[in-house]
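The exercises below are meant to be worked through with the sequence and the structure in view. Each task is followed by a solution that goes step by step.

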Amino acid sequence: PWYNGAYDTVLLAAVTNMREALRALGLASRVRVTVPFSFGMLCASYPPSVGEFCANTQDTVRAVVRVLRNDTSFFLVNVYPFFAHRDDPGDVVLDYALLNTPATIEGVWYMNMLEAQVG
């Protein structure tokens, strides 16, 4: 999780407090609060169809996502397609990781690695 779980107990309160402060200032309809989730919080990401947040992050992610959804805010994930090639150059073609070529993974066609990661 964020900084090895150091802020899990305060993250939801921080998101909620920021949202309420914006509402009090009359900015809630123009400014959205969000949290960038780390792609590293996924315990499973390959194949893409089995992507799943790690068990120790699921409660925090669910709680924050409820707030984001209720506020029509955005769900963000920091993804780095190139790292897949760096970590497994034999199976992940560089052009696929650089978003230049499509690939089929377990019968599902993806335009590029980014689509596979967030699709």
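**Exercise 1. Decide whether alanine 28 is buried or exposed, and describe its surroundings.**

Solution. Alanine 28 has a relative accessibility of 14% and therefore counts as buried, where buried means under 20% relative accessible area, exposed over 50% and partly exposed in between, computed with a 1.4 Å probe on protein chains only. This is a predicted model, in which local features need pLDDT of at least 70 and side-chain atom pairs count only at pLDDT 80 or more, while totals for chains, interfaces and linings use all residues. Residues are numbered from 1 along each chain as its sequence is written, and side-chain values use heavy atoms, with hydrogens and water left out.

The next step is to place the residue: alanine 28 lies in the loop between helix H1 and strand E1 (36-38), helices (H or I, at least four residues) and strands (E, at least two) being DSSP runs numbered from the N terminus. When residues up to four places away in sequence are not counted, alanine 28 touches Leu22 and Arg23, contact meaning heavy atoms within 4.5 Å.

**Exercise 2. Find which residues of H1 are buried, and work out how they are arranged around the helix.**

Solution. Begin with the length of H1 (residues 8-24): at 1.5 Å a residue its 17 residues should span 24 Å, and the end C-alpha atoms are 25 Å apart, which agrees; the expected span is 1.5 Å times one less than the number of residues. The buried residues of H1 are Leu11, Val15, Arg19 and Leu22. Seen down the helix axis, these buried residues fall within an arc of 65°, so they line one face of H1, the arc being that of the directions from the axis to the C-beta atoms.

On the other side of H1, Thr9, Asn17 and Ala24 are exposed. Helix H2 (55-70) is included in what covers the buried residues.

**Exercise 3. Describe the largest pocket and the place of glutamine 117 in it.**

Solution. The largest pocket has a volume of about 640 Å³. On a 1 Å grid over the protein atoms alone, a pocket is an open set of points where a 1.4 Å probe fits, with protein on both sides within 12 Å along at least five of seven lines, and lining residues have an atom within 4 Å of a point. Of its 27 lining residues, the closest to the centre are Phe39, Ser45, Tyr46, Met113 and Gln117.

Helix H5 gives the most to this lining, with four residues. Glutamine 117 is itself found in H5, and with a relative accessible area of 17% it is buried. Leaving aside neighbours within four places in sequence, glutamine 117 is in contact with Phe39, Val79, Tyr80 and Pro81.

**Exercise 4. Compare the settings of leucine 99 and glutamate 106, each of which has a positive phi.**

Solution. Most residues other than glycine have a negative phi. Leucine 99, although not a glycine, has a positive phi of about 70°; this residue is found in the loop between helix H4 (94-97) and strand E5, and at 38% relative accessibility leucine 99 counts as partly exposed.

For glutamate 106, phi is near 50°. Glutamate 106 is found in the loop between E5 and strand E6 (108-110), and its relative accessibility of 64% makes it count as exposed.

How values were computed. Points joined across faces, edges and corners; volume = space filled by probe spheres on them.
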